[in-house]
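Colleague: I've got this model open and would like you to take me through one part of it slowly. Please start with one pair of neighbours and work outwards from there.

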Amino acid sequence: MKELDNKLSRRNFIRISALTGGGLILGFSTLAADAPGQEQSFDLNAFIKIDTQGRITLMSPNPEIGQGVKTSLPMLIAEELDVDWKNIQVQQAGLDTTKYKRQVAGGSGSVRASWESFRQTGATARQMLINAAAAAWTVPAEECTTENGSVLHKGSNKKMSYGELAEKAGKLEVPKDVKVKPKETYKLLGQRIRNVDNHAIVTGKYKYGIDTKREGMLYATIIRPPAFGMSLVSFDDAEAKKAPGVKQVLRFENKIAILGRSTWEVMQGAKKVKAQWKEDGPLESTDDYVKNLHALLAKDPQDKPRRKDGDITAAFSNAAKVIEVAFDAPFLAHNTMEPMNFFAHVKADSAELYGPIQTPERARQRVAEMLKLPEDKVSVMMTRMGGGFGRRLMTDFVEEAAVVSKLAGNLPVNVIWSREHDMGGGYYRPMYSYKYRAAVDKDNKLVAWHHYSAGVGGAASPDSFPAGAVANLQVDTHVYKSPVTTAPWRGPTHNFIAFSEQSFLDEIAHKIGKDPVTLRLELLEQAKSSPTGRVNYEPDRFAAVIKKAAEIGGWGKSKGANTFLGFAAHFSFESYVAQVAEVEKQADGKVKLKKVYCVVDCGTVVNLSGAETQVEGSIIDGIGHSMFAEITLTKGKPDQTNFSAYRMIRLSEIPEIEIHFIKSNVAPTGLGEPALPPAGAALANAVFAATGVRLTSQPFIKSDLFA
């Protein structure tokens, strides 16, 4: 490798400047011209690196969970930088909250939180390159343009590549108030761009957190309580310590860690540990939860309403008709395809953490507090995740790895969960029971809406549609305390409330003899013309996706005697989604889901390929879990601890999916989750249309209505 020009110190050719919005860094470096395949030791912690050959590296600071953010966020910079995507390399950045902001994968928020700042970063870098070229040519910067990684001056027909300009640009002042491109000039955004990791993933070359290996590293597995509500009394590890490969057996908190040379050996060693457990109180079962939640809903609400518009008591008293339906949702497991894992190496004065985590900053904070270390002594490197679905928002598995590393004598360890440990003792989607009541006046107008919920670990959203469209509306909720651990699950709260509210609207439409799509549009018109209380959605955008979905789904048109349609629409994470589910009624009276039509308004689409993938995945996930999945408990112990008992949707059961995006000039909004919530409702409403049976609890497969 040719030596770097020693005349240039690192400080001379690295430009690091904070920009508006905080944490935005531009970095330019000049690398040796003939150093292909050899990385220079410049850790810029920056968004952009350009070498003298014009090679451009964009850093992706957010955790990649499969939502495509490692591709879409660099696209925002590349568009404004005006470079050919084929010449871009993307690298995953480590956790550095002094330079990057919001390094979180959750709430469908990565792109919408970065839309302005990432484009500004690219536009500012482009302007600095233009300024460098203008200075070299002694021409006004306004006369210069850019094209595919070069600056051009048409008057003199001069051209310089970004690589030639990078060093000079890095020495210039950072310009202020740089304008970003108008949408009509986009070359990259809105196109289908292949995920930057696709090739490495499909060829098996990509390294996930579970693949982490270090010199002297031990693998660890954890024995956890066999049931929720039990604690560890004592254990005998004599036989386990004799097992091949087992190096240590440690107790911490309410658990036992077995450490050794390989995952197989520590999991075999764990079977030889004889542990004694005790019950901390009565162990609860799913039947207990159902009974207790229903008993709560049979009483008047005890807690302060989450939302109260008008007077539902008076409205129900004067109603011409009252409609009531109750719904039940089971616990769900997250089931990340890459089993839960994390690497930790805790030393006397620092800690290194490495693995798949949606909330790296929170993990660093928790581990620093636990180890009594300054946060800047705890490093976190994010690996791409083999799924998360909200499970990796929690930091328990990172903290476990750090504790085990410290107790093991400050050794590097990779703690790996078995599927049984994850499904049997991790975190679940909360279990809910919802009761809806609607009051209708003599003109069949919806005048009151009461949503009363009780849940193990969850609460109802207060502002979900039709809030804002009904004059008298109240949302009551009660959280039932339980030792069962719960956590956000893809589309938290919305994942079930969309099913219940959209099914209830379908029931109201049926009871008052009104078309379900017409009812929704009338309510949105009411929210627009005479809103009540908070309205957190835009009625016109909501109505637009509904009308478009009805159009492409053939709503109101005959598709044959055996074809039936169900409609659902939901607003979440600032995006609007409407879906039509098409089912076919078989000769034996059972139904089969054939197709889902979906219309999405998520503002500006950044990567069309990634957007379609997210919507498809969400619909499949929503249909699959509505149809098949549940975790039940018997005396605190989960009945399902692997996929042999926890049913997932199969490839042959996935319907055809047709997706349309509303063209928009609005900034991007959420997309990783919004298409999941309405999927189950659209299917349930189609089943009602075909059979007259209203599905009110999941999983639907228990209804015995499906072919």
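Which residue in β21 stands opposite A438?

Modeller: It's W449: that is the β21 residue standing opposite A438. Before we go on, keep in mind that this is a predicted model.

Let's start with the two strands themselves. β20 covers residues 431–440, and its pairing with β21 is antiparallel, with 10 bridges. The two make a hairpin with 5 residues between the strands, and in that hairpin N444 has a positive phi near 65 degrees. Strand β21 runs over residues 446–456, and 11 of its 11 residues are buried, so the rest of the structure largely encloses it.

Now go to β21's pairing with β22, which is strand 472–480. Here the sense is parallel, and there are 9 bridges. If you want one pair to click on, take Y452: its bridge partner in β22 is D476.

That same pair leads to a loop residue, P301. You'll find P301 in the loop between α8 (286–298) and β12 (307–309). Leaving aside residues up to four places away in sequence, P301 touches H450, Y452 and D476. So what does the surface calculation say about P301, buried or exposed? Neither, as it happens: P301 comes out as partly exposed, because its relative accessibility is 31%. For a sense of scale, try P301 and K205: they are 96 residues apart in sequence, and their C-alpha atoms are 55 Å apart in space.

N318 gives you another pair to try. N318 sits in the loop between α9 (312–317) and β13 (321–329). N318 counts as exposed because its relative accessible area is 66%. Along the sequence, N318 and A439 are 121 residues apart, yet C-alpha to C-alpha they are 8.5 Å apart in space. A439 falls within the 431–440 range of β20, so this brings us back to the hairpin.

Next, the rings. W449, the residue you asked about, belongs to a cluster linked by ring pairs, together with F327, Y432, Y434, Y436, F496, F499, F504 and F700. Across the whole structure, a search turns up 26 aromatic pairs. One of them is Y289 with Y480, an edge-to-face pair with 6.0 Å between centres and 85 degrees between planes. That pair links distant parts of the chain: Y289 is in helix α8 and Y480 is in strand β22, 191 residues apart. Both of these tyrosines, Y289 and Y480, are buried.

For a contrast in geometry, look at F571 and Y576. Their ring centres are 4.6 Å apart with the planes at 40 degrees, so this pair is tilted. F571 counts as buried because its relative accessibility is 14%, and Y576 is buried too, with a relative accessible area of 2%.

While you have rings on the screen, two arginines deserve a click. The charged end of R391 sits over the ring of W417, 5.3 Å from the ring centre. R694 lies over the face of F688, and there the distance to the ring centre is 3.8 Å.

You may also be wondering about cysteines. A disulfide is a covalent bond between the sulfur atoms of two cysteines. How many does a search of the whole structure find? The search comes back with 0 disulfides. Take C598: the closest cysteine sulfur to its own is in C602, 9.9 Å away, and that is too far for a bond. C598 is buried, because its relative accessibility is 0%. C602 is buried as well, at 3% relative accessibility.

Last, a separate sheet to set beside the β20 and β21 hairpin. Strands β4, β5 and β6 form an open sheet in that order, with antiparallel pairing. Its edge strands are β4 (144–147) and β6 (158–161), each pairing on one side only. From one strand to the next, the twist averages 25 degrees. β4 joins strand β5 (residues 150–153) through 4 bridges, and E147 is opposite S150 in β5. Helix α3 (residues 110–137) lies across β4, β5 and β6, at about 45 degrees to β5. Helix α4 (residues 162–170) also packs on this sheet, touching β4, β5 and β6, with its direction at about 75 degrees to that of β6.

Technical notes: Residues numbered from 1 in each chain as written. Predicted model: local features only at pLDDT ≥ 70, side-chain atom pairs only at ≥ 80, totals over all residues. Heavy atoms only, no water. Pairing = 2+ DSSP bridges. Axes fitted to C-alpha atoms, helices over the stretch in contact; angles between N-to-C directions. Contact = heavy atoms within 4.5 Å. Disulfide = S-S within 2.5 Å. Buried < 20%, exposed > 50% of the residue type's maximum accessible area, 1.4 Å probe, protein only. Phe/Tyr/Trp six-rings, centres within 6.5 Å; stacked < 30°, edge-to-face > 60°. Lys NZ or Arg CZ within 6 Å of the ring centre and 35° of its normal.
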